[in-house]
Amino acid sequence: MIPVIKWMFLLVLAAVPIVTIVTIMINQTMELERIPEDEKLTEITSAGYLMAHYNSSIMAAKPWESTHRLSPYVRPQQYFINLFPNLEQGSFVGSVDISLVLDTPQSYIKLHSKGLNIKETKLNSSSVTAFLYPEHEFLVIIPNEELNAGEYKLQLSFEGSLLNKIVGFYRSVYTDSKSHEEHYIATSKFEPTYARLAFPCFDEPQLKSKFKISLTRPSGNNYIALSNMNQESEEANVPTNGLTTVHFANTVPMSTYLACFIVCDFQSLEPVKADQGFPLTVYARNGQSENMKYAQHVGLQAINFYVNYFGIKYPLPKLGMYL
């Protein structure tokens, strides 16, 4: 009889902690139910509150107002640019992915943008706070927390106008000498600080980077797309029927003002080779054959002279002249 009493005593002792734990759990559940919904939300989103507090602190300090210059510790390494100029409407849409290196921790990132409507901004595929600061032509990006030194990818989509300007990325028009019809083309002029009108970028010449460019052109009417590098491939009916997207080889590291975007229906002469071996091609609208031949003659002599004079090889695989 005594062993049975002992076992019952042990079972009671074991049951007490279990009952206590269950009671505590029930009490906690009841307490949680009594908490107002807005207080629950505050508790659950405390991390979000900290992120908002961090953003508020940076926004209050406004460090981007103190200088017109970009940070030397935020360096672009590679741009992936896609542009689609709508020649009829006089507008363009685009996207750019920028591979960055942060040499030191950064509380925010600033780059250049002017006259563009920024549609979406992501850092390492996550949405971040971003806004324009027109006084310095900055696009300011506020992360959710301080960024450690290292590599990042900034992803932006945007749209802009091709009209009423002759710098940045713009539309030009010419009248065909035979048909007397107007033809639209899109071209670029970025020197010294107008690349920011075409795509968000680190638009200071010392911040050199490689550029992988894709341009969308009309598929018909003899339209071509041209850029700094040779064409690697093209996709018909992309992004939609009647359009062709052209992909160009990656550039050498260069300043933003040297990037080149052209969508046109120009004719070209047969390329001629410079002494170094790369082809030189002249492009112009219809009816300019004599001017093209003269430009080709002078251009070939000029590039050969300067390569020999400076003793520096031309760094790209081709050279184009556009009249």
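**Exercise 1.** State where Pro239 lies and which kind of peptide bond joins Val238 and Pro239.

Solution. Pro239 lies in the loop between strands β13 (231–236) and β14 (243–248). Strands here are DSSP runs of E with at least two residues, numbered from the N terminus. The peptide bond that joins Val238 and Pro239 is cis, with omega about 10 degrees.

The model is predicted, so local features need pLDDT of at least 70, side-chain atom pairs count only at pLDDT 80 or more, and totals for chains, interfaces and linings use all residues. Residues are numbered from 1 along each chain as its sequence is written, and side-chain values use heavy atoms, with hydrogens and water left out.

**Exercise 2.** Do the same for Pro192 and its bond with Glu191.

Solution. Pro192 lies in the loop between β10 (182–189) and β11 (210–218). A cis peptide bond joins Glu191 and Pro192, and omega is about 5 degrees. In general, most peptide bonds are trans.

**Exercise 3.** Find the sign of phi for Asn124 and for Glu137.

Solution. Asn124 sits in the loop between β4 (117–123) and β5 (126–127). Phi of Asn124 is positive, near 50 degrees. Glu137 is in the loop between β6 (129–133) and β7 (138–142), and its phi is also positive, about 60 degrees. Most residues other than glycine have a negative phi.

**Exercise 4.** Decide whether Thr281 is buried or exposed, and list its contacts.

Solution. Thr281 is in strand β18 (residues 279–284). Buried means under 20% relative accessible area, exposed over 50%, partly exposed in between (1.4 Å probe, protein chains only). Thr281 counts as buried because its relative accessibility is 11%. Leaving aside neighbours within four places in sequence, Thr281 is in contact (heavy atoms within 4.5 Å) with Ser268, Leu269, Pro271, Leu319, Gly320 and Met321.

Terms used:
Helices (H or I, at least four residues) and strands (E, at least two) are DSSP runs, numbered from the N terminus.
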